[in-house]
Each structure stands twice: as C-alpha cells, then as structure tokens.
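Please look through the structure below with attention to its side chains. The paragraphs after it take up charged pairs, aromatic rings and a surface patch in turn.

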Amino acid sequence: MFFITAAVLSMVKFNQQSYRPFTAPWWVWLVLCGVSLSGAVGVKFVGLFIIFLVGLNTISDLSLLLGDLNLSLMDVSKHFLARVVGLILIPLFLYVTIFAVHFVVLNKSGPGDGFFSSAFQSRLIGNNLHNVSIPEYLAYGSTITAKNLRIAGGYLHSHWHLYPEGVGAKQQQVTAYLHKDNNNLWLVRKPEENDSESRTPVLVRHGDIIRLEHKETTRNLHTHLHEAPLTKKHFQVTGYGTNGTGDSNDLWRVEVCGGQKGDLVKVLRSKVRFLHKATGCVLYSSGKTLPKWGWEQVEVTCSPYLKESPSSQWNIEDHFNPKLPNISLSVLKPNFLEILLESHIVMIRGNSGLKPKDNEMNSKPWHWPINYQGLRFSGVNETEYRVYLLGNPVVWWINLVTLGLYVIMVAVASVAIRRGLSLNQNSLEHSQVLKRGGGLLLLGWLLHYLPFYTMGRVLYYHHYFPAMLFSSMLTGVTLDILFKSSDLLLQPIYSDRLKVAGWLLLQFSILYSFYLFHPLSYGMMGPLAHESGSAMAGLKWMDSWDF
C-alpha cells in the first residue's frame, strides 16, 4: 500500500512537470514512479494493478504528445524512450536485482523444497540433493522417489487412505505431494517376482516393464478404466494388492524421453515416462488440487493422451541401493534466469491454487465496499484477546455513497458545460479536477477491485485494501469539490461556514467511529460482544458482523 500510494503520487507529480520535460524534477518523479512500481509488485503480485494504471496514464500521455504538431517525431521518440527507461527498464532491473539478493541470502534447504525441481533443490545447502553422491543408474531393487517435471507437480505419493465411495474404485489413494515425505518412497520391482534378494543388481533400461511397490503400504502402483477424480477423461491411479502381489494392471513400461531401447535410466538427469502396459495410458500429474478427502494434495491420473509434456514426465530424485556404487553426480545447476522463472511459476501456481477450506471464512468481492463482513483473527472466549478485522464503518459507507455522488456530480458538470451555462473560472477548474483527477482515482479503484471477481482462489477482506486507498482519495476529491461548489448557491459567508461545518462533521464522525470500534483492533477481553458489559455492546450494526 505504501508503494502503491508512492507510485500514484509520483505519477501525479510527473504529470505536473509536463510543461518542462527532461528537466531534473521531471526525471526525478519519473524514476521515483518506476521505483515505486517495482516495490509494489515486489511486495505483492496485486501490485500489477498499479502498473496497469500507470501504463494507461502513460499511453494517454504519449497519445497527446503524438498529436501535438509542435513536437517533431524525434521529440516524441525521446519522450517514449524516457518512459521505457523510467517505467520499464529501471523497475525491471530493481525487481530482478532484489531476487538476485534473495537467492544469494536464502540459499538453505527448507520444508518447501519439494515445490521446486530437482535441479533447483540441488543448489540449496542442506538439501539431500546438494553435492549429492548416489547411484548413477536406476536398478531393480532400488528405493526411489519420482518427481513430476511440471512446476509444482509434486512427488509420486501414496498413503493408507482410500478413495471415498463414488470416486472410482475404493482403493488406496495415489497423489502427488509437494513436500518430502516417507510416503513418497517406492521400490522398483521386476514384474514377476520380488527381487530384493538378488545378489547382482540389474539396471533398468528404456522399454523395460517394471512394477512400483509403495514402500510404506506394500501396494503396487495401479490403474484401470475407472475415471479419475477430477480430470474425467483420464483414468484413476490407485495403490492395489498386498505385499507386492497384485494383477496385470500393476505393470508399467519405462521410457526415457528421447531415448532408444536399451538406454539406461540416469538418476536426476533422465526425463522418464511410465506407460501402463494394459491400457497404454501415461502416468500424469494434472496439477489440480484434490478435495479434503485427498488431503488437498495434487491429483495423479493416467492420461490416454500420449503427447509428451512436463505433466507426464518424471525424474528419479532420491535413489537408495546399497548394492550399487555411489558417485558424485555433476548435476547441471540452473542459471539465474531459470531459477527466477521457476520461482515465479511456483508462486503463481501456488497462489492460484489456494482454495477455500471446509468451514473457512471466505470473503467475496461484493462484501468489501459495503463492509458486509470482517475477519476474525484471534480469540473465542472471555479470557483471550479477541481481535477482529473490520473497516471503520463511517469511512467505508461514506466512500460507498461518494462513489455514486461522484458519478452524479460529473454528469451534472458535463451537462452544465455542454448546455453552455455561464460558470466562473473556479467552477471550470473544479470541473476539470473532478473529471481528470477524480477519473484517474475511479479508474484506480476499478483496476484494484473488479479483477477479483474473475479469481477462483480463496479471497480475504484485506484484498480490498488497495482499492480502498483509491476510494478514500476519490472521496477526498469529491467532497472537496462539493463543499467548494457551495458558493454557486450560497453567499460567500454562508458558503465558507458550510465548508468548515462539513469538514468538522466529517472529521468528528471518522474519529468517533474509530473510538467506538477501536477495541476490535486493539483486542477485547472480558464480556462477549452480545453481553451488556462488553466494550462492543450495541455496536453490531449489521447482522453479518460476527465479532
């Protein structure tokens, strides 16, 4: 919010320097606007909306310059290049530089490693892939983890829980899990026998038929013609059998992408596909999040569509086999641009994958402008601090009323000018401020509010705060012009008194509302809100407020 406001201020100040282009103040405000944009999007992706606002303002500005016949095409080109430098190149440089520092400082392993590719993990100190020394080639009898090559595709995973009634066959769930876990471990078996006691390890080659036995539950990776839980045109993947004994639907053909029959499967470096022998489908991570019964893990299916894609490609990451020699693998560590791109894809997919959980308070965009419902942060009884996020009702509702008032005032001013009514200089200036300044703020509110109606992710009350900034600034502009325009109807002495009385009433209302509702922010103790002795007694003005 700080950087969004700084970007708006810098943009307005830059616009005010239009009469003296390429001077020091002109450059200062242009660069500060660019710096603020990089800060806004660097803190939170919602900062993209302020980039759209500044971008639209810049396009409008350049179109006016292009239509100015007093400027040569060379002059217009200089203006264009200056804005490219100030509003694109400098913000991009700062944004990338911040991430460069981020990757240098945060270089250790953590619980979220599994969201990233094996190559990304290999650069993290403390990760089991950092300076790894493991068997180089996959063999029967090995214990492995298989990681999907789709960004945030997850590890092939199973657990004791079964698919619920009505979701395919009621067999053991197989999912993709984004965290490292013992339930990600699988044993590589020959189709016909338990070969764990074989003295000489036999290496797995391109085209071999294998069986994958889940180490924890001893059930085999299995698929059949039941439809998948979420991706209905794919087949369900399950864990089936007992102690490695199952049926012919447990057999998979290993294919090294780009390989030929007989090629060895290289740990970490080979892209591998698992094709089901009976149905011909390919093991696939859809990227879709399963419901509560699937522990909100990622759906694994068997896809009948055999086109190669990261979702159907896997690499062997962990590899344990005491009968094979360990070697130090020279894993090709990704370069900075690859790391930067992968981290952003993971963030974007993780953000869009945030779905409301059962019984979770989910906020809707239409709730926000009317202050329909707040968000409980902490505390449920008399002995705990109870904190509840709710907008100041006076501010919120004045902003809501002012949105409609602004539209009416712009319409009246436009009709008055179009009809040729005689207006004094002040009234004409007020009309221009209302249209241009107010219009810019209204556009900022729309850009920071309307996109949330298109989002499928879980939304919270705080997502409205950037839009609230613009709504509050628009209220300031609208009420300022309204009070100043009172001299059109009243004598100067009464007009001045009305302005003072209006501002005093507004400020008093805001401060008194803060005084009434401040216990929500600072934490309530003692009697609950519906009890007579509570600090919030009688202040539940809307039934939807649940403090």
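**Side-chain contacts in a predicted model**

F103 is buried, because its relative accessible area is 7%, and this value, like every other one here, belongs to a predicted model. The ring partner of F103 is F336, and the two form an edge-to-face aromatic pair with 6.0 Å from centre to centre and 70 degrees between the planes. The pair joins distant parts of the chain, since F103 sits in helix α4 whereas F336 sits in helix α6 (residues 336-352), 233 residues apart. Unlike a buried residue, which has under 20% relative accessible area, F336 has 30% and therefore counts as partly exposed.

A second edge-to-face aromatic pair is formed by Y163 and W293, with their centres 5.9 Å apart and their planes at 65 degrees. Y163 is found in the loop between β3 (155-162) and β4, and W293 in the loop between β11 (282-289) and β12 (298-303), so this contact ties together parts that are 130 residues apart in sequence. Y163 has a relative accessibility of 2% and so counts as buried, while W293, at 26%, counts as partly exposed.

How many aromatic pairs are there by this rule? The count comes to 32 aromatic pairs. Ring pairs also link residues into a cluster, which is made up of F49, F52, W368, W396, W445, Y449, F452, Y453, Y461, Y464 and F465.

Rings also meet charges in this model. The side chain of K147 lies over the face of Y155, at 4.6 Å from the ring centre, and the charged end of K190 sits over the ring of Y140, 5.7 Å from the centre of that ring.

From these contacts we can turn to pairs of opposite charge. The structure holds 12 salt bridges, and one of them brings together the side chains of R83 and D61, with 2.6 Å from N to O. R83 belongs to helix α4 (residues 73-105) and D61 to helix α3 (residues 48-66), so the salt bridge ties together parts that are 22 residues apart in sequence. Are R83 and D61 buried or exposed? Both R83 and D61 are buried.

Another salt bridge joins the side chains of R269 and E136, again given as 2.6 Å from N to O. This pair links distant parts of the chain, with R269 in the loop between β9 (252-256) and β10 (272-276) and E136 in the loop between β1 (133-134) and β2 (143-148), 133 residues apart. R269 counts as partly exposed because its relative accessibility is 39%, and E136 is partly exposed with a relative accessible area of 21%.

The side chains of E317 and K180 meet in a salt bridge of 3.3 Å, N to O. Here too distant parts of the chain are linked, for E317 lies in strand β13 (residues 314-320) and K180 in the loop between β4 (172-177) and β5 (186-189), 137 residues apart. E317 is buried, with a relative accessible area of 0%, whereas K180, at 34% relative accessibility, counts as partly exposed. Elsewhere, R189, R211 and E213 are linked in a network of salt bridges.

The last stop is on the surface, where L488, L489, L490, I493, Y494 and L498 form a nonpolar patch with about 610 Å² of accessible area together. Within this patch, L490 is found in the loop between α9 (465-484) and α10 (492-522), and its relative accessible area of 36% makes L490 partly exposed.

Terms used: Residues are numbered from 1 along each chain as its sequence is written. This is a predicted model: local features need pLDDT of at least 70, side-chain atom pairs count only at pLDDT 80 or more; totals for chains, interfaces and linings use all residues. Side-chain values use heavy atoms; hydrogens and water are left out. A salt bridge is a side-chain nitrogen of Lys or Arg within 4 Å of a carboxyl oxygen of Asp or Glu. Helices (H or I, at least four residues) and strands (E, at least two) are DSSP runs, numbered from the N terminus. Buried means under 20% relative accessible area, exposed over 50%, partly exposed in between (1.4 Å probe, protein chains only). Patches are made of residues with over 30% relative accessible area and no salt bridge: like charges are joined within 9 Å, nonpolar side chains (Val, Leu, Ile, Met, Phe, Trp, Tyr) within 5 Å. Accessible areas come from the Shrake-Rupley method with a 1.4 Å probe; for residues, only the protein chains shown count as cover. Rings of Phe, Tyr and Trp (its six-membered ring) pair if their centres lie within 6.5 Å; planes under 30 degrees apart count as stacked, over 60 as edge-to-face and the rest as tilted. A charge sits over a ring if NZ of Lys or CZ of Arg is within 6 Å of the ring centre and within 35 degrees of the ring normal.
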